[in-house]
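Please set out the architecture and the metal site of this model in a short report. Keep it brisk.

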Amino acid sequence: MNSKIMKVATIYSTMTGRLKGEDVKETVRKLGDIAGIFEDQNAVKTMDMDMLAYRVESHHPVDEGKSGGLFFGTSYLQAGKVGSEYFMTKGHFHSNRDTAEYYWCISGQGCLLLMDEEGEVTAESMEEGSLHYIPGNIAHRIANTGDSELVVGACWPSDAGHDYGTIAESGFSYRLFDVDGVPTLRKG
Ligand code: S6P
Ligand code: ZN
């Protein structure tokens, strides 16, 4: 036995969600990378494509695709709208469909959109401390409905994978708009 108590190589801030250290990767999505997901394409054209939309810090202690492992991450979604549609993530099904995921809201105000393979949508409001269980076979996307950054933690199986193609092709069957200051779901 190695009787030495090891110092961990990765640090997580329970206050901010920030991940630092070994095996941490960062993914950055600028508005230009996700412009196609928004309904109002005329509004998109007037905006700065270099603007940060969201970023994800994630801890990958095992290789992508390994069964039995876990990944852990924090998403930072900026506040903003395209027309009256709130900034949101691309959204995805897991490629390995029957894999679940936990989300929890660290700070900000938002909404989690969940869609099954028949296009049935449910939505859950997100606020500091809210815990969200995303079952397998359910596409998931978050939208920032507040005035500050929405920070969301996540934990998912390392063999889940990401199927972005299905959502890129058919989208979610409901979108989330600001209607007189109230987050409102609309079919489309
Ligand atoms: C991964 C997990 C999150 C998202 C992140 C960005 O399974 O659901 O870490 O990757 O919130 O969303 P998206 O749809 O661009 O991957
Ligand atoms: Zn996921």
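The report below goes from the overall fold to the metal site and then to selected strands and loops.

## Basis of the model

This is a predicted model, in which local features need pLDDT of at least 70, side-chain atom pairs count only at pLDDT 80 or more, and totals for chains, interfaces and linings use all residues. Residues are numbered from 1 along each chain as its sequence is written, chains are lettered from A and ligands numbered from 1 in the order in which they are written, and side-chain values use heavy atoms, with hydrogens and water left out.

## Overall fold

The protein chain holds three helices and 15 strands. Helices (H or I, at least four residues) and strands (E, at least two) are DSSP runs, numbered from the N terminus. The radius of gyration is 17 Å, close to the 16 Å that the globule rule gives for 188 residues, so the chain is as compact as a globular protein of that length. That radius is taken over C-alpha atoms, and the rule is 2.2 Å times the number of residues to the power 0.38. The C-alpha trace spans about 65 × 35 × 30 Å along its principal axes.

Buried residues make up 44% of the 188 residues. Buried means under 20% relative accessible area, exposed over 50%, and partly exposed in between (1.4 Å probe, protein chains only). The accessible surface of the chain comes to about 10100 Å², and 50% of it belongs to carbon and sulfur atoms. Areas come from the Shrake-Rupley method with a 1.4 Å probe; for residues, only the protein chains shown count as cover. Among contacts with a separation of 6 or more, 69% join residues 24 or more positions apart. Contact means heavy atoms within 4.5 Å.

## The zinc site

Which residues hold the zinc ion (ligand 2)? Its protein donors are His-92 (NE2), His-94 (NE2), Glu-101 (OE) and His-140 (NE2), at 2.1 to 2.3 Å from the ion. Donors are N, O and S atoms within 2.8 Å of the metal (3.2 Å for Na, K and Ca); water is not among the atoms, so sites may look incomplete. The sequence spacing of the donor residues is H-x1-H-x6-E-x38-H. His-92 and His-140 link distant parts of the chain, 48 residues apart. His-92 sits in the loop between β7 (85-86) and β8 (101-107), and His-140 in strand β12 (residues 139-144).

The arrangement is octahedral because the six donor atoms around the zinc ion subtend angles of 69 to 170°. Six donors count as octahedral if opposite donors are over 155 degrees apart and all others between 65 and 115. Ideal angles are 90 or 180 degrees for six octahedral donors. His-92 counts as buried, at 10% relative accessibility. His-140 is buried too, at 2%.

## Strands β8 and β11

β8 and β11 run antiparallel and are joined by four bridges. Two strands pair if DSSP finds at least two bridges between them. Tyr-102 lies in β8 and stands opposite Tyr-133 in β11. Side chains alternate along β11 (residues 131-134). His-132 and Ile-134 point to one face and are buried; Leu-131 and Tyr-133 point to the other and are not.

Tyr-102 is partly exposed at 41% relative accessibility. Beyond its neighbours within four places in sequence, Tyr-102 contacts Leu-131, His-132, Tyr-133, Gly-153, Ala-154 and Cys-155. The C-alpha atoms of Tyr-102 and Pro-157 are 10.0 Å apart, with their positions 55 residues apart along the chain.

## The C-terminal hairpin

β14 (residues 174-179) and β15 run antiparallel, joined by six bridges. They form a hairpin with two residues between them. Asp-180 in the turn has a positive phi of about 50°. Asp-178 has Pro-183 in β15 as its bridge partner.

Gly-188 is found in the segment after β15 (182-187). Gly-188 counts as exposed, at 51% relative accessibility. Not counting residues up to four places away in sequence, Gly-188 touches Phe-172, Ser-173, Tyr-174 and Arg-175.

## Loops with positive phi

Asp-23 has a phi near 65°, a positive value in a residue other than glycine. Asp-23 lies in the loop between β2 (19-21) and β3 (24-30), and is partly exposed at 39%.

Asn-137 also has a positive phi, near 65°. Its place is the loop between β11 and β12. At 30% relative accessibility, Asn-137 is partly exposed.

How values were computed: Four donors count as tetrahedral if all angles lie between 85 and 135 degrees; four count as square planar and six as octahedral if opposite donors are over 155 degrees apart and all others between 65 and 115; anything else is irregular.
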